[in-house]
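Thanks, everyone; I would like to walk through one structure this morning, going from the whole chain to its parts. Please keep the sequence and the model in view while I talk.

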Amino acid sequence: MPTSLSVFRWSRGERERWQAFDVDAGPDTTVLDALVEIQRRRDPSLAFRYACRVGMCGSCAMVVNGRERWACRTRLVSLRAGAIRVRPLYHFPLLRDLVVDMAPFTARMRAVGAALVPAPDAEPYARIPAGSTERSEIDPAIECIGCGMCLSACTMVGHNARFPGPAALNRAFTLERDSRDAAGEARWRVLLGDDALARCHGQGACTEVCPMGLAPTTSIVRLRQMATRKLLGLG
Ligand code: SF4
């Protein structure tokens, strides 16, 4: 079945443009298959990023027909009829065509202290037991693959460079519920500042697009509940 893809093109020194390609698609052809086909047979200069090809790494995240998706898990037949528009993620610096610079993702994680800092006297192999309340709270929020789709979908990320964004706040929540972490004080200084929890508008676009089915919106609500307790001197 011939299908038309309209692909965003840009490289340094050029004007951005949309380029149309026709591909011959079968029932299981994905957006990634189509892009690989275009690169191999039509235009080797087309740049896009992918690695695992099987919906694990998230590196093929892009915006297809106006919505963040992973190209390797998006079949062409699942998209509405007509030309399919493929563009890079929003809110990241563009490197070339469909490839963005993911450095701001890491920077936002760092800014909110989204890494485990064990207490100096912590046991080296401390485990959080399966079935514990702590574990059941953290488990639904830990499978983030760092794809950046939630940042692309979040209007506040585009509006405020200091806002940590959904992935970092989701990670901050898991650390706040992790009894092994000892960096809470510094993290809460950021979370309670003007540009973090106070900035989320709860629109839920992050949760809608997360390919792992995570709900950063819920993590943010839980952090806000914890923040309220802190501000009232209860936690
Ligand atoms: S929270 Fe979901 S959408 Fe956001 S980076 Fe992690 S996996 Fe991707």
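Let me begin with a definition: two residues are in contact if their C-beta atoms, placed from the backbone, lie within 7 Å. I should also say at once that this is a predicted model, in which local features need pLDDT of at least 70 and side-chain atom pairs count only at pLDDT 80 or more, while totals for chains, interfaces and linings use all residues. Residues are numbered from 1 along each chain as its sequence is written.

With that contact criterion, M62 touches A71, V86, R87, P88, L89 and L98, where residues up to four places away in sequence are not counted.

Now the whole chain. It has nine helices and seven strands, these being DSSP runs numbered from the N terminus, with H or I over at least four residues for a helix and E over at least two for a strand. The C-alpha trace spans about 60 × 35 × 30 Å along its principal axes. Of the contacts with a separation of 6 or more, 64% are between residues 24 or more positions apart. Of the 235 residues, 34% count as buried, and here a residue is buried if 20 or more other C-beta atoms lie within 10 Å of its own, exposed if 12 or fewer, and partly exposed in between, with C-beta atoms again placed from the backbone.

How is the chain divided into domains? The assignment gives domain 1, residues 2-100, and domain 2, residues 103-231, and such bounds come from an automatic or database domain assignment. Taken over C-alpha atoms, the centres of domain 1 and domain 2 are separated by 30 Å. Across the boundary, 12 residues of domain 1 are in contact with 13 residues of domain 2. On the side of domain 1 that touches domain 2, strand 3 and strand 4 each supply at least two residues, and strand 4 gives the most, with three. That side of domain 1 divides into seven nonpolar, two polar and three charged residues, where Ala, Val, Leu, Ile, Met, Phe, Trp, Tyr, Cys and Pro count as nonpolar, Asp, Glu, Lys and Arg as charged, and the others, Gly among them, as polar.

Let me stay with strand 3, residues 61-64, which runs antiparallel to strand 4, residues 67-70, and is joined to it by four bridges; two strands are said to pair if DSSP finds at least two bridges between them. The bridge partner of A61 in strand 4 is W70, and V63 stands opposite E68. Strand 3 also pairs with strand 5 in the antiparallel sense, over two bridges, and there V64 has V86 as its bridge partner. Both faces of strand 3 are covered, since A61 and V63 on one side and M62 and V64 on the other are all buried.

Two loop residues deserve a look at their backbone. In the hairpin of strand 3 and strand 4, which has two residues between the strands, N65 takes a positive phi near 50 degrees; N65 counts as partly exposed because it has 16 C-beta neighbours inside 10 Å. H91, in the loop between strand 5 (84-87) and strand 6 (94-96), has a positive phi of about 70 degrees although it is not a glycine.

Next, the core. The largest nonpolar core, meaning a set of buried Ala, Val, Leu, Ile, Met, Phe, Trp, Tyr and Cys residues joined through C-beta atoms within 7 Å, has 54 residues, of which M62, C150 and A172 touch the most other members. Helix 6 gives the most to this core, with six residues. Why does this core lie between the domains? Domain 1 and domain 2 both give residues to it, so it lies between them.

Helix 6 itself is mostly covered, with 11 of its 11 residues buried. Those buried residues pack against helix 2, helix 3, helix 4, helix 7, helix 8 and helix 9.

Finally, the ligand. It is surrounded by 15 residues, the closest being C144, C147, C150, A167 and C210, where a residue is near a molecule if its C-beta atom, placed from the backbone, lies within 6 Å of it. Helix 4 (149-153) and helix 6 (166-176) each supply at least two residues of this shell, and the largest share, three residues, comes from helix 6. The shell divides into 11 nonpolar residues, four polar and no charged.
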